[in-house]
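Could you walk me through this model, one selection at a time? I have it open in a viewer and would like to know what to pick next and what is there.

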Amino acid sequence: MAFDARYRDPDLCRRLSERIRSVRGREIRIMEVCGTHTVSVFRHGIRTILGESIRLVSGPGCPVCVTDQGDIDAVIAMAEMDHTIVATFGDLMRVPGTRSSLREEKSRGCDVRVVYSAADALAIARANPDRQVVFPGIGFETTAPAIAAAIIAASEEGISNFSVACSHKRVPPALEALAAEDDAAVDGFLLPGHVSVVIGLNGYADFFRKYPIPSVVAGFEPVDILSALLRLAEMIAAGSSGLENAYGRAVTDNGNPRARQVMDTVFYPVDSAWRGLGIIPGGGMALRKAFSGFDAFRRFSVRAAPAPPPAGCSCGDILVGKAVPPDCSLYGNTCTPLDPVGPCMVSSEGTCAAYYQYGGGL
Amino acid sequence: MRDERILLDHGSGGLLSNRLISELMLPLFDNSFLSMQDDGACLDVPAGRMAFSTDSFVVDPIFFPGGCIGDLAVNGTVNDIAMCGGVPRYLSAALIIEEGFPVKDLAAVVQAMAEAARNAGVLIVTGDTKVVPRGAADKLFINTSGVGYIPKSVSVAAGNARPGDVVIASGTLGDHGIAILNQREGLSFDVDIQSDSAPLNHLAGRMLEMAGSGIHVLRDPTRGGAAAALNEIAAQSKVGIRIRESSVPVAKAVAGLCSLLGLDPLYVANEGKLLAVVESALVEKVLAVMREDPLGRDACIIGEITGEYAPAQSGRVIMETAAGGERIVPMPTGEQLPRIC
């Protein structure tokens, strides 16, 4: 079970934050790359206990947020077709495309269903052989293996009414893109926990060789995050750099080779459009030839056309740490969790939603 | 009657309707008001103030660990009246049934309603049954309304919280919502989490008898969970609320599943818990009487009312986190879990 009260131990948290504050030096900027970290940081009030010495900057690690609007439009177009069922992760329901959202399409009568896994979507396909079931493949290396497994199962069973609109992203190339941006300079990276379970610490080796910025993998409980921040603060103060793992109970050097093998069987790396970061070389995944029959874009001849971001929306800058939500003119006015304009306000893991919900200014 | 199904004729007002009512409902709900079979119930009521509430129940699945739509429908309205400080007495029950619904399931639901009414000490004195064509409703929806009288010494309202008051929870939060979620198709984690569906009128009665007007606010945190209830209290009383995460009671299995699913137990529905805002001088006495009641055994203080009112944030509920930080507990936006009650 993911929950263990020891990792929220108040006394341990207090001692860790005292040690972080005792590391002397200039103010440092650390980017938490992963959306789940962003939410955890806010939920546990971690910014309020760090003091002035560490500024946490939220990164692009919310899958829904970095998904290009054109991909959302394409899935909506598939939902509008006769005889299709879109079976999706719930997070995607409210994301506005150019002119609609899946939630709105559902209210107009399109068959859109929320599922918790691609296997559930495959089960819907088995139960509805006369309908086409589309699963929007959103997410990083964390979710991609399970979706690959569903595609392999569909292939082995000869299920012809199941397909995946693949918008999967790869984290290490995005780290390189972030590190290459001059004006978003960060002193260290808090690396994602779940992605690292799959790719392992070694998955960041290429990135770290090119950009030796202090980087520590962290879990999601307060003690996990604080211990990783302490290591980052110590390295930065000492002028040293390392790629370290502070989530040893879940992450190994090698990660999960079986999951990677399943993922690599089905997908291969391609250049991909990330909202806020543009086209990232090797930043996405596409279906290999042997599985291209399960490519929803191909099956329905729908292309994800590039779409301009909503006017005034700063999600692009916020995703790379160049702006914080209150900098955006829409934030809190026309863009709220109830009526979101940009994806960072829609997703439960979005930076704007976390700011708005938990009081970024507290 | 084992394989019998509800037909459109059961809602026709004719012979089949009569049979359904006289064979299934009347014997179970058994009271003199209902057996008159008039268009409505004629009731004797004491002079004074009255609490009146209504609620519709659309929970999916209909049967879940710890209860079913039937006891939920009775307890829900009983609790709404109790949270007004009222002593619930009479309920109405209106059933909207989908054609083809198994009669034995209906019998089980009606049985559960009758038992819940008995436990709460209320009478179901009037009702209605409609049957709609297959697909026009999902299985069974129930509306209940109820009335109760408010004793003279009682003055509870969401607008009555004052700085210095103490916030009490009657027990663990989030059980009902997680029990429903876990039961739903495709999400059967092997853990024993039961809905807390229960009538709170006896517990509330003890508290009010003990502290009278010293109980300022009572709320049962149903949809939207404790977070919604606390925000409503803050907004209506124009106060701030501070709660301590380490004091908020959450069952271990519920905390684990919430963590796994990315849910916050503060936002998950309860159907047998109450939050009370109590004058600080009376807190220990109120807690003592609560703990004598099985439904208040785990009652505890979770926070205080403060003067930190911030209208822009619709009141201001702040949580001191276990990790030692602070954050806002916002009003929920949108539907976290549809059809939870």
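What pLDDT does chain B average? Colour by confidence to begin: chain B averages a pLDDT of 92 (the predictor's confidence in each residue, from 0 to 100), and 95% of its residues score at least 70. The model scores ipTM 0.78 and pTM 0.85. This is a predicted model, in which local features need pLDDT of at least 70 and side-chain atom pairs count only at pLDDT 80 or more, while totals for chains, interfaces and linings use all residues. For your selections, residues are numbered from 1 along each chain as its sequence is written, and chains are lettered from A and ligands numbered from 1 in the order in which they are written.

**Stop 1: the two domains of chain B**

Give residues 8-150 one colour for domain 1 of chain B and residues 166-328 another for domain 2; these bounds come from an automatic or database domain assignment. Taken over C-alpha atoms, the domain centres are 27 Å apart. Domain 1 brings 20 residues to the contact and domain 2 brings 22, where contact means that C-beta atoms, placed from the backbone, lie within 7 Å. On the domain 1 side, α3 (69-83), β4 and α4 (103-120) of chain B each supply at least two residues. Helices (H or I, at least four residues) and strands (E, at least two) are DSSP runs, numbered from the N terminus. With eight residues, α3(B) gives the most to that side of domain 1. By class, this side has 12 nonpolar, seven polar and one charged residues. Here Ala, Val, Leu, Ile, Met, Phe, Trp, Tyr, Cys and Pro count as nonpolar, Asp, Glu, Lys and Arg as charged, and the others, Gly among them, as polar.

**Stop 2: a helix pair**

Keep α3(B) and α4(B) selected. They pack at an angle of about 30°, with their axes 6 Å apart; axes are lines fitted to C-alpha atoms, for helices over the stretch in contact, and angles run from 0 to 180 degrees between N-to-C directions. To see the contact, show side chains including Ile69(B), Val74(B) and Val78(B) of α3(B), and Val109(B), Met113(B) and Ala117(B) of α4(B). This contact has 11 nonpolar, two polar and two charged residues.

**Stop 3: the sheet**

Next, pick the open four-stranded sheet of chain B, whose order is β1-β6-β4-β5, with mixed pairing. Strands pair if DSSP finds at least two bridges between them. At the edges are β1 (49-57) and β5 (123-132) of chain B, each paired on one side only. The twist averages 10° from one strand to the next. Zoom in on β4 (residues 87-98) of chain B, which runs parallel to β5(B) and is joined to it by nine bridges. Across this pair, Ala93(B) stands opposite Gly127(B).

**Stop 4: where the chains meet**

Show both chains: 25 residues of chain A are in contact with 19 of chain B. On the chain A side, α1 (10-22), α2 (35-43), α3 (46-50) and α17 (351-358) each supply at least two residues. The largest share, four residues, comes from α1(A).

**Stop 5: a hairpin in chain A**

Finish at strands β10 (residues 267-274) and β11 (residues 278-287) of chain A, which run antiparallel and are joined by seven bridges. Tyr268(A) has Ala286(A) in β11(A) as its bridge partner. Of the three residues between the strands, which one takes a positive phi? Select Gly276(A), with a phi near 95°.

Technical notes
Two residues are in contact if their C-beta atoms, placed from the backbone, lie within 7 Å.
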